[in-house]
Amino acid sequence: MHLKLLTAFFVSFTCCVIAQVNPGARQAALSNSDIALSDDVFSLFYNPAGLSQINWREAGVYYSPSPFGLSELANGFAAYNEPLPFGSAAIGGMTYGFDLYRENKITAGYSYNYNNKFFIGGAVNYHTVSIKNYGSDAAFYFNIGGLVYIADFLRWGFYFHNINRATFSAEENQIPVILGSGLSYDVLENISFNISVIKDLDRKASLNGGIEYNLNEYLSIRSGFSNEPSKFSAGIGIKYSLINFDYAMFTHQDLGLTHQAGIIIRFDSEKN
Amino acid sequence: MQRFFLKYQIIAILFFLPVISFAQTDSLQNEDILNEILNDQIEDSEDESVTDAVEFLLNNPININKADINELQKIPYVDFATAKIIIDHRNRYGAFFSTNELYSINAIPKESMSRIIPFLTVENPEGKEDISHQNVYPETSPLTNLKINLRSRMLNDLQERKGFKTNKFNGSSHKIYNRIIARYDYNFQAGAVIEKDAGEASFADYQSFHIAAKEIGILKSLVLGDFSIEFGQGLALCSAYGFSKSSDAVYPVKKKAAGIKPYTSTDENNFFRGGAAGFELNNLSVFLFYSNNKFDANIDSAAGIILSRPIDGLHRNQNELLKKNSAREKIYGAAINYSFLNSISAGFVYYNSSFTNPFMKDEVFDLDGNEFSYSSLFYDAVSGPFNFFGEFAFNLSDNKIKTPASINGVQISFSRDFIFAASIRNYPWNYTNLHGQGFGEQSGKTENEFGIYTGFKWRMPLGIFNFYYDQFKFPFSTFDNPLPSTGDEFLLSLSSKPIYKFETKLYFKYERKDVSINSEKNKISVKRNRQNSRIELIYELSKSIRLKGRFDYNVFRVDDANTLEDGILFYQEIKYAPVSVLNIYARVIFFNTDSFNSAVYEYENDLTGVLSNFAMYGEGMRWYLVLRWKPIKKLSLSFKYSETYKPREKFLSSGDSQIDGNLDNRIGLQLDFNF
C-alpha cells in the first residue's frame, strides 16, 4: 500500500509539487478532450472562456474519493457561476490531500461573450500548499482562455494556465504551466466529438479524444482516451429537472482505476 | 458581350473602390501581407534579404499595363497560370483603369487578388499614377512629389550575454538600425542605411547608400552606390534573394531575376558598390556594371592570402575589427537581353572579378587565385501553356574548358487550376561560383550538385494541393560529407477552407539524405531521415480578430546509428485589430524536442523588415507580443517583446552569446516616418 502511495505521488508529481487534480466527472469521462466544449461550471478550472456560454446560474460539486484506490489522494471541488449583463463570473474552490499534505485553491473567473461567437475569459487562482512539519506556501496565478464558434457544429477552444509562471518556494516550475487547444465537432445534433492537445511545460504533449452521446434528454454516455499518460475513460450523465448527475471512471496503465462523481444544478433549465 | 463586361467591371470598381482605397491608405495592410508571404514561403531560411526584397516590390509596384508575363511572376503568389490569366484579360479588354478592376477577374479568387494588388500599379495613357493606388508610403503632399521614409529600429536583449559580462566587446548590447529612403516622382530614389550590431561601438559600423533612377527614356535603371544584380536563373549573378523550396511547389522553381536594384539590406558582405546602368531600346536591353567593394576577410599577414571570409558582419572588438573590410573585390561586367515575339527572351552576361589578395586553396574545388571571370547564357520562352526557362553558366577563370553549370526547367499551365513545374540542374564541382545562387538543395552554393525537381499545384474543390519531389546528388565531397552523397525529399501540402473564414493547412515533408557520422574509428556515411508533419488552423472570426493554431511533429531518424528522435511544437496565436490602425499579435508557443536534430522552425511576426524564423529545440516555451500602431498617416510605431523560457536549462545559447539562466527575453522598437 505504501509503495503504491509513493508511486502515485511520484507519478502525479513528476515535475511539480502540486498534483494535477482536476474537477468534473464529465471532463474526466471525456479525458479532458473538451477544451472547445467547456459548457459547464467546472470550465472555471480549465477554459474560463466557456463560462459565458452558460447564461444561467449554475452550481456544481465534484468528488473523487480515492484516486487509484488511495483515499489520501481524495479531492473535492465546488464552483458557482453567475450570469452578468456582459458575460459570466464564477467562483470555485478545491481541496486535496490528507492530514500530512494538503492543498487548497480558490479560483475566481470572468468570461466575456462577444456576439455569442467568441468567448474570452480569465481566472485568478490562489493556491496554498501545506506539508505537516515542513511548512506551507501560497501563490497567485492566472489562467486565460478563448473559445470560438467557427460554425454551429464546430468550436475551437484554447487555454493557457499559469501565465505568470508562479511557483512555490524558491524552486521554479512547481505550478504547472499548460497550453491546451482543442476542437469540438457535433457529428450529429446529439453526438459531439472532441479532440485536444495539452502540453504541460514539463511533460510530454498529450493527445486527448472524447465522444459524448446524448441518448435522450435524461441520459448521456461518454468515453475518451488520452495518450500521455495512456488512459481510457468512460462515464454517464443523468439529467433530471435542475439536477445533472455525472459519473466517470478512468484507468491509468500503472495505477489502475479511478472513480469520481459530480452534481451540477442548473437554476434555469428553460434555457438549457 | 464586351460592352456587358465593361459595364460589369465598372460596377465592380465602384463597389470595391471605397473599401479598398480606404483600407490601403490607413491600415497596416501591407505589413500584414508582407508577413503572410514570409509565413507561407519560408521554410528554414533566416535570410533577412527576403524581407527587403518583398518590401522593395511593395514600394516599387509593377505597372500592370506594361508588365509582361515574367514581370508579373515576380510577385509572390503569382504563378505562371495567374500571370497568364491577368495578361489574357488585358489582351482581351484593353488596359486596366485601376488595380481594383482586377477583382472582376473571376478566375482568381478575391482573397488571392487582394494579396496581389498591393504589388501592382496602373499608369494610364497620360502617364499619371492611378489615384486609387497607394503604396507603403501613402502620403503624397499636393505640393511636391517627394516622399521620404525614415526607419529607425532598436533591438536589445534584456539578459546579459557572456561576451558583455566579460567585457569582451567595445559597444553596447543594442542593435540599432537607421534607414532613409527618399523618392521623387516615380523615377528617382536615394537612400542610406546605417547599422550597429550588438556589441559594436560605432552607430555606423555598417553603412550603405545609393542613388537610383529608373525608366527615363531609354534608361531603364541606374544605380550609383550600393546595388544588387541578378540575371537569368541566378547561376552567374544573383543577390541572396530567393525563396527556396517551400510549401508552394511551383513558385520557387523559376527565378525571376530583378536585374539592377538598389541595395538596402544589412547583409554586410553580399552586395556591390559602384555603378550599374540598364538601357532598353525596343526589344534589346543592355546592362553595364562596375563595383569596387571591400569585404571582411581573415588574411594571413605573411603570405597575404585570404584564409576565410567571415560573413557575420560582426565587428565587436579589436580582433573582429581587424578583419573588417580588409580585402577588396573589383568587378566589371555587362549583360544583354533580347526579347522577340513578345514571348521569347534570351540573354548573355559576362563579368570579371579581381581580388586584392588571392584565396587560400584548401579543398579541391575551392576558389583558387585572385582573378575570376564568368559568363552565362539564359533564356525564357512562353508558348501556349508552356514556359521554358534555363541558364548555362561558364567558369572562365583559368582558361580551361569546363562543363557549364546549368539549369533547365519548364512550367506547364495545363489549366487554370493545375500547374506543373520541373527542372534539371547540374552544377559541376569545378564551377567554383562567386556571386551566383541557383535553385537547389544547398543554400548559397551553386556547385557540386545534380538534381531533378518535379512538382505541381492543383486548385481542387477540396483546396489547394501542392506536391513536389526533388532528387539530388553531390558527386564530390561536401562540407558535411567527405564522400559523394545523395538524397531526396518530397512534400505534400493541402490548404483548404472547409468553412467560411476557416482555413486548414496540412503539411508533410519527408527528407532522406546521406550524412557522415563518427563511428568508433572513422567517419561513416549513413542515411538520415527527417519528417515534418504539420496542422495549422486559421479562423478569421471578424475583421478585428483572427485566431491561429499550429501543431508540428518532427521525426529525426538515423537507423545505422540507432538514433531516433522526435519533437513537437504547438502554438496558439491571436491577432486583434480593434481599429484598422492598430494591430496586436500575441502568440504562446510550447515545444519539446529531443535535441537540435528534431528542432521545429517557427516563423514569427516581427518589426517590419526583421525576419524571425527560429529553430526551437529542447523543452520550453516562448511567447511574444507585437504591436503595430499608425496613430497618424505619417508615423507608424512597432513594438515587440519576446521571451523564451526553458525550465530545465541552467544556461541558454553558447559561446559569447551564452546567457546564465533559463530565460531569454528581448525587446524591439521601430519608428517609421513618412513625409
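These are my notebook entries on a predicted model of a complex with chains A and B.

**Entry 1: confidence**

I began with the scores for the whole complex, and the predictor gives an ipTM of 0.89 and a pTM of 0.88. For chain B I read a mean pLDDT of 86, with 91% of its residues at 70 or more. I then looked for the weak stretches. Residues 1-7 of chain B have pLDDT below 50, and beyond near neighbours in sequence this stretch has one contact in the model. Residues 125-143 of chain B also fall below 50, but I found 34 contacts for this stretch beyond near neighbours in sequence. I do not interpret those contacts further, because predicted coordinates should not be read in detail where pLDDT is low.

**Entry 2: chain B as a whole**

I noted eight helices and 33 strands in chain B. The radius of gyration of chain B is 25 Å, and the globule rule gives 26 Å for 675 residues, so chain B is as compact as a globular protein of that length. Along the principal axes, the C-alpha atoms of chain B fill a box of roughly 80 × 60 × 50 Å. I have 40% of the 675 residues down as buried. Among contacts in chain B with a separation of 6 or more, 58% come from residues 24 or more positions apart.

**Entry 3: strands 3 to 5 of chain B**

I followed the pairing along this run of strands. Strand 3 (residues 146-157) and strand 4 (residues 175-184) of chain B run antiparallel and are joined by ten bridges. One pair I checked is Ile148(B), whose partner in strand 4 is Ala182(B). Strand 4 is also antiparallel to strand 5 (residues 188-196) of chain B, here with nine bridges. Tyr184(B) has Phe188(B) as its bridge partner in strand 5. Strands 4 and 5 of chain B make a hairpin with three residues between them, and I read a positive phi of about 55 degrees for Asp185(B) in the turn.

**Entry 4: Gly609(B)**

Which residues does Gly609(B) contact, leaving aside its neighbours within four places in sequence? I listed Thr51(B), Asp52(B), Glu55(B) and Arg151(B). Gly609(B) sits in the loop between strand 27 (600-604) and strand 28 (612-616) of chain B. Thr51(B) is 558 residues away from Gly609(B) in sequence, yet the C-alpha to C-alpha distance is 5.7 Å. I count Gly609(B) as buried because 21 other C-beta atoms lie within 10 Å, where the cut-off is 20 or more.

**Entry 5: strands 1 to 3 of chain A**

I turned to chain A. Strand 1 (residues 58-64) pairs with strand 2 of chain A in the antiparallel sense over seven bridges, and Glu58(A) is matched with Asn81(A) in strand 2. Nine bridges join strand 2 to strand 3 (residues 88-98) of chain A, also antiparallel, and Phe77(A) is matched with Met94(A) in strand 3. The hairpin of strands 2 and 3 of chain A has four residues between the strands, and Gly87(A) takes a positive phi near 85 degrees. I sorted strand 2 (residues 75-83) of chain A by face: Phe77(A) and Ala79(A) are among the residues of the covered face, while Ala78(A) and Tyr80(A) are among those of the uncovered one.

**Entry 6: the contact of chains A and B**

I counted 21 residues from chain A and 19 residues from chain B in the contact. On the side of chain A, strand 6 (135-151), strand 7 (154-161), strand 8 (178-188) and strand 9 (191-200) each supply at least two residues. By class, I have that side of chain A as 13 nonpolar, three polar and five charged residues.

Terms used: Residues numbered from 1 in each chain as written. Chains lettered and ligands numbered in written order. Predicted model: local features only at pLDDT ≥ 70, side-chain atom pairs only at ≥ 80, totals over all residues. Buried ≥ 20, exposed ≤ 12 C-beta atoms within 10 Å, placed from the backbone. Contact = placed C-beta atoms within 7 Å. pLDDT = per-residue confidence, 0-100. Pairing = 2+ DSSP bridges. Rg over C-alpha atoms; globule rule 2.2 N^0.38 Å. Nonpolar A, V, L, I, M, F, W, Y, C, P; charged D, E, K, R; others polar.
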